Amino acid sequence: MAIPLLEYAPASQNSRVAGFTVGGDETPRIYTTNNLLSKSELDDLIEAAYRQIFFHAFAADREVTLESQLRSGNLTVRQFVRGLVLSNTYRSSFYEKNSNYRFVEQTVQRVLGRDVYSEREKIAWSIVVATKGIEGFIDALINSDEYLEAFGDDTLPYQRRRVLPSQAIGERPFNITSPRYDAYHRAQLGFPQIIWQNQVRGYTPADRKPQAGDPALFLNLARSLNIPASGGRLVSAQNLDYEKLVPYRKS
């Protein structure tokens with residue numbers, strides 16, 4: 001008997017309301033196969049899919065079979081996205097190196113194009129991952145009414161409602177706010193690594209530089225003087241004969 005999905009309420013109506021914003025540089029580009037695409041446009045859609053799901057795909061990460069099926073029309077965009085999320089690359093990069101809660105958060109962002117509404121939603125989907133596995137969780141997202149209403153079979157998921165009219169700057173991309181690895185696994189992998197390519201130079205603000213009369217200037221002057229070292233030898237106080245050194249007055 002399958003455990004029903006735990007009920008949760010949206011914390012914001014932002015991604016559920018149609019936007020009336022004016023397009024700009026922050027507005028995400030929508031890729032779809034509703035219209036007949038040229039080869040270059042289909043290539044752009046595939047590259048955008050890798051950026052949306054993987055953030056970046058190396059040559060070894062590309063799913064050549066899925067790409068071929070999409071180009072030949074044997075797969076819809078929704079099926080192509082499902083194949084990417086169920087790929088070994090996504091499993092290795094997001095599932096195996098994160099907890100179920102973080103895996104749910106990142107997958108909801110990439111597949112549904114929004115943040116999780118609350119901790120309750122995160123727990124609800126984590127239960128699905130634990131009971132039905134990754135494939136059951138992905139199918140529940142891909143086949144959900146929310147996905148079908150927002151993207152359908154032919155539109156590539158994107159970060160919805162990223163530009164807010166009440167904000168001077170839109171919401172940051174999910175790849176920045178929710179990186180692939182959390183702090184624990186970044187530490188295991190040795191990140192971040194600080195590598196200096198050039199000589200480090202000191203910088204002193206103008207208001208902190210010594211002014212005229214500052215003792216620091218005299219110290220620099222003393223250091224710049226070329227005074228020869230004394231040629232006398234060092235004598236320990238224990239080796240001094242004080243009786244002979246003290247002046248003696250003859251009567």
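The structure holds 13 salt bridges, a salt bridge being a side-chain nitrogen of Lys or Arg within 4 Å of a carboxyl oxygen of Asp or Glu. This is a predicted model, so local features need pLDDT of at least 70 and side-chain atom pairs count only at pLDDT 80 or more, while totals for chains, interfaces and linings use all residues. Residues are numbered from 1 along each chain as its sequence is written, and side-chain values rest on heavy atoms, with hydrogens and water left out.

Now to the overall layout. The chain has 11 helices and 0 strands, where helices (H or I, at least four residues) and strands (E, at least two) are DSSP runs numbered from the N terminus. Read along the sequence, that gives the pattern α-α-α-α-α-α-α-α-α-α-α. Of the 251 residues in the chain, 30% are buried; buried means under 20% relative accessible area, exposed means over 50%, and partly exposed is what falls in between (1.4 Å probe, protein chains only). Contacts, meaning heavy atoms within 4.5 Å, reach well along the sequence: among those with a separation of 6 or more, 67% are between residues 24 or more positions apart. The chain exposes about 17,700 Å², with carbon and sulfur atoms supplying 53% of it; accessible areas come from the Shrake-Rupley method with a 1.4 Å probe, and for residues only the protein chains shown count as cover.

Back to the charged pairs. Side chains of opposite charge can pair when their charged atoms come close. R78 and D153 do this with their closest N and O atoms 2.6 Å apart. R78 sits in helix α3 (residues 77-85) and D153 in the loop between α7 (145-150) and α8 (174-177), so this bridge ties together parts that are 75 residues apart in sequence. R78 is buried at 17% relative accessibility, whereas D153 is partly exposed at 33%. Helix α3 also supplies R82, whose side chain meets that of D139 in a salt bridge (2.6 Å, N to O). That pair links distant parts of the chain, with R82 in helix α3 and D139 in helix α6, 57 residues apart. Both partners are partly exposed, R82 at 26% and D139 at 21%.

R114 has two roles to report. Its salt bridge with E146 has the closest N and O atoms 2.6 Å apart. R114 lies in the loop between α5 and α6 and E146 in helix α7, so the bridge ties together parts that are 32 residues apart in sequence. R114 is buried, with a relative accessible area of 4%, while E146 is partly exposed at 21%. Salt bridges with shared partners also join K39, D43, E47, R62, E67 and R71 into one network. As for the second role of R114, its charged end sits over the ring of Y117, 3.8 Å from the ring centre (the rule asks for NZ of Lys or CZ of Arg within 6 Å of the centre and within 35 degrees of the ring normal).

One member of the network, R71, is in helix α2 and is partly exposed at 38% relative accessibility. Not counting residues up to four places away in sequence, R71 touches L42, D43 and I46. R71 and K39 are 32 residues apart in sequence, yet 8.4 Å apart in space, C-alpha to C-alpha. D61 lies in the loop between α1 (39-53) and α2 (64-71) and counts as buried at 17%. Beyond its neighbours within four places in sequence, D61 is in contact with Y50, F54 and T89.

The aromatic side chains come next. Rings of Phe, Tyr and Trp (its six-membered ring) pair if their centres lie within 6.5 Å; planes under 30 degrees apart count as stacked, over 60 as edge-to-face and the rest as tilted. The count comes to 9 aromatic pairs. In one of them, the ring centres of F103 and F137 are 5.8 Å apart and the planes are at 55°, so the pair is tilted. F103 is in helix α5 (residues 100-112) and F137 in helix α6 (residues 119-142), so the pair ties together parts 34 residues apart in sequence. Both rings belong to buried residues, F103 at 1% relative accessible area and F137 at 0%. Ring pairs link Y90, F94, Y95, F103, W125 and F137 into a cluster.

On the surface, L217, F218, L221, L225 and I227 form a nonpolar patch with about 530 Å² of accessible area together. Patches are made of residues with over 30% relative accessible area and no salt bridge, with like charges joined within 9 Å and nonpolar side chains (Val, Leu, Ile, Met, Phe, Trp, Tyr) within 5 Å. I227 lies in the loop between α10 (215-224) and α11 (242-245) and is exposed, at 66%.
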